[in-house]
Amino acid sequence: MKIDLLIKNINVYNTVKQLFEEKHVTISEGKFYYISSKDLTYLNAEKELDGQGRYMVPGLIDSHMHIESSMTTPTIFSKAVLPHGVTTVIADAHEMANVFGIDGLTEFMAAETEIDIFHAIPSSVPSTTPELETTGGIIGLREVAELLENPKIICLGEAMNFKGIASEPDSLIRQIIDLCKEKRPTMPLEGHCPKIYEEELAAFLYSGISSDHTHQFPESLAEKIENGMFIQFQNKSITPENIAVIVENSYYDYACLITDDVMADDLLEGHLNENLKKAVAAGLPIEQAIYMTTYTPAKRMGLHDRGMIAPGRVADFLLLDDLAAFSIDEVYKSGKFVHKKGDTIAYPETIEQFPTSYRQSVQCKQLTEEDLKIPVRTALEKVRCNVIQKQEIGTFTERITKEISVKEGFLDWESSDCALLLVMERYGKNGNIAYALMEQPITEQGSIGTTWAHDHHNVMVMGNTSQDILTAQHELLRMQGGYVVTEQGEIQATCPLPIGGILSQAPVEELGNELKQVRRAMQKLGYKNMNEIMSFSTLSLPVSPAIKMTDRGMMNTKTQEFYPLVFPEDGVII
């Protein structure tokens, strides 16, 4: 046996025992070979490394995430996460699919990357139905059948249409699930099921879906796990209360840590490693935190060739110089050294070349002042309106009622304590423009606009003056997508995303700094949330509770019924 590397005097993470043992480790042709406490110099390795008592753990595996949430491309993303110890991800590129369909997904999967990127079939493109939201692409049965033939596909991506899954046996999502079970009967089927309990939970699981990565709460965690659901903890679910449920019941084999979404500016600081450290701070023993970011995600996804330091497994590993702080000193991929702490990221000179048309994908009209006048036929001086109220923690919203004045036949929203939120279809299909009101999402005069609007990625702008809304929308069209913030009619920050309105090929450092400026500008306007970017971008996600916006209107995301802006008893929008 030809031994390429011998690492001596290293504290090796034993996955089975979930503890560290002092060992010597050998690697051959990118895989672990013999691990022993005995002297292994007799194997005559080409290279020897003294571990100096550091800690060796398997490369981190993120079993559910969206590269597009980092607003960058696979090649750049790969380089950006390696220093954070991430060596394998399972990407659900449903943002790319919503914009460009299966062609965009194929382009995405073709990118050359240093980490291993496996893919999920985007199961919800659109997230609901074409009748409820307009997208650039659709993934139907034909596309799913084609993707099932691709070896890079290892699971069905998050199925989100609860109504279609639980109570409509002939729905497209149920047909997709059935096709996957027929063609790949052992393939994991991933789910998105916030705030579902008892019989509704049973109906969801009965379909074959067996995981959930949404916002978790301690009162429902045990119910989900004991009914066979695998839990994927994203950042906002890593709380002392949730972790206590896992620790007290020893549920370590039934859950893992994931990122789901990491913004470009947050990516500058860390990735899955930061969620691991947060879980430890919340009460998860570090040995179990390592287990839940290496072995359990690998096992869940059927990646039996990695996730532990054992003979025949892919030699993806990290060397830590401080276990308690999970301080990564070196990163190895397939037995090859790829990063040292403190090194700058060397991005490739040539990166993905997407089709030219992908940079000209935002096709909608330029707004005028007339478009922001909302005529109401009524005999009343004030009309009751359905209004969106956002929360300051998480992405949930609620429907409330507000009385808004009517002035000279138009809804006088600019004089109210509400902002106007509008979504414009941007694919050149129907020209839809939908209007809603939000209860004082910002306290200063300004606007926020984006094309990074989950999951349909139409143009979405919110503001409390017409001038600010117009300024933001015009800039979005000029940039061909991205994020923009205005204050008193002047642009304060932009983050261009010219590839499909969702991606940039700029280095992560440049992209992250632009997004930081956007975030700060939102905060200056008074937009409050634990994650301002995600909060705003999910105002358009029609599978997230409880009221969201598409180009068709303001929707009850559970019943999939649209609310009128003005109560019909009070008036009619002309």
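What is the volume of the largest pocket? In this predicted model, the largest pocket has a volume of about 770 Å³. Its lining comprises 41 residues, and those closest to the centre of the pocket are Q234, K236, D261, N531 and M534. Several helices contribute to the lining: α2, α9 (264-267), α10 (272-281), α13 (508-525) and α14 (532-537) each supply at least two residues.

Helix α2 also appears in the nonpolar interior. The largest nonpolar core contains 152 residues, and within this core F326 and L437 have the most contacts. Helix α2, spanning residues 94-109, gives the most to the core, with 8 residues. Leaving aside residues up to four places away in sequence, F326 touches V57, L60, N273, L276, K277, I286, I290, L318 and L320. A second core, separate from the one around F326, has 15 residues, including I10, V12, F317 and Y332.

The other residue singled out in the largest core, L437, is the bridge partner of V387 in strand β22. This bridge belongs to the pairing of strand β18 (residues 382-390) with strand β22 (residues 433-439), which is parallel and extends over 2 bridges. Strand β22 also pairs with strand β21 (residues 418-424), here in the antiparallel sense and over 7 bridges. Within that pairing, A436 of β22 is the bridge partner of L421.

From β21 the pairing continues to β24 (459-463), again antiparallel, over 5 bridges. L422 has V461 of β24 as its bridge partner. Strand β24 is joined in turn to β23 by 4 bridges, and these two strands run antiparallel. In this case T450 stands opposite M460 of β24. Of the 5 residues of β24, 5 are buried, so the strand is largely enclosed by the rest of the structure. V459, V461 and G463 point one way from β24, M460 and M462 point the other way, and all are buried.

Two further sheets were examined. In an open sheet of 3 strands, the order is β11-β12-β13 and the pairing is parallel. Strands β11 (211-212) and β13 (255-257) stand at its edges; each has a single partner strand, so one side of each is left without a neighbour in the sheet. Strand β11 pairs with β12 (residues 230-233) over 2 bridges, in the parallel sense. The bridge partner of S211 in β12 is F230. Helix α11 (residues 286-300) lies across β11, β12 and β13, and runs at about 115 degrees to β13.

The second open sheet likewise consists of 3 strands, in the order β27-β28-β29, but with antiparallel pairing. Its edges are formed by β27 (547-550) and β29 (561-563), each with a single partner strand, so one side of each is left without a neighbour in the sheet. The twist from one strand to the next averages 45 degrees. Strand β28 (residues 553-556) is paired with β29 in the antiparallel sense over 3 bridges, and N556 stands opposite E561 in β29.

The backbone was also examined for less common conformations. Most residues other than glycine have a negative phi, and most peptide bonds are trans. Two cis peptide bonds are described here. One joins H454 and D455, with omega at about -20 degrees; D455 is placed in the loop between β23 (446-450) and β24. The other runs from P545 to A546, with omega near -5 degrees, and A546 is placed in the loop between α14 and β27.

Positive phi values occur at N44 and E198, neither of which is a glycine. For N44, phi is about 55 degrees, and the residue lies in the loop between β3 (31-36) and β4 (47-50). N44 is exposed, with a relative accessible area of 62%. For E198, phi is near 50 degrees. E198 is found in helix α6, which covers residues 198-206, and is exposed, with a relative accessible area of 63%.

Note on methods. Residues numbered from 1 in each chain as written. Predicted model: local features only at pLDDT ≥ 70, side-chain atom pairs only at ≥ 80, totals over all residues. Heavy atoms only, no water. Pairing = 2+ DSSP bridges. Axes fitted to C-alpha atoms, helices over the stretch in contact; angles between N-to-C directions. Core = buried A, V, L, I, M, F, W, Y, C linked by side-chain atoms within 4.5 Å. Buried < 20%, exposed > 50% of the residue type's maximum accessible area, 1.4 Å probe, protein only. Contact = heavy atoms within 4.5 Å. 1 Å grid on protein atoms, 1.4 Å probe; cavity = no way out; pocket = protein on both sides within 12 Å on 5 of 7 lines; lining within 4 Å. Points joined across faces, edges and corners; volume = space filled by probe spheres on them.
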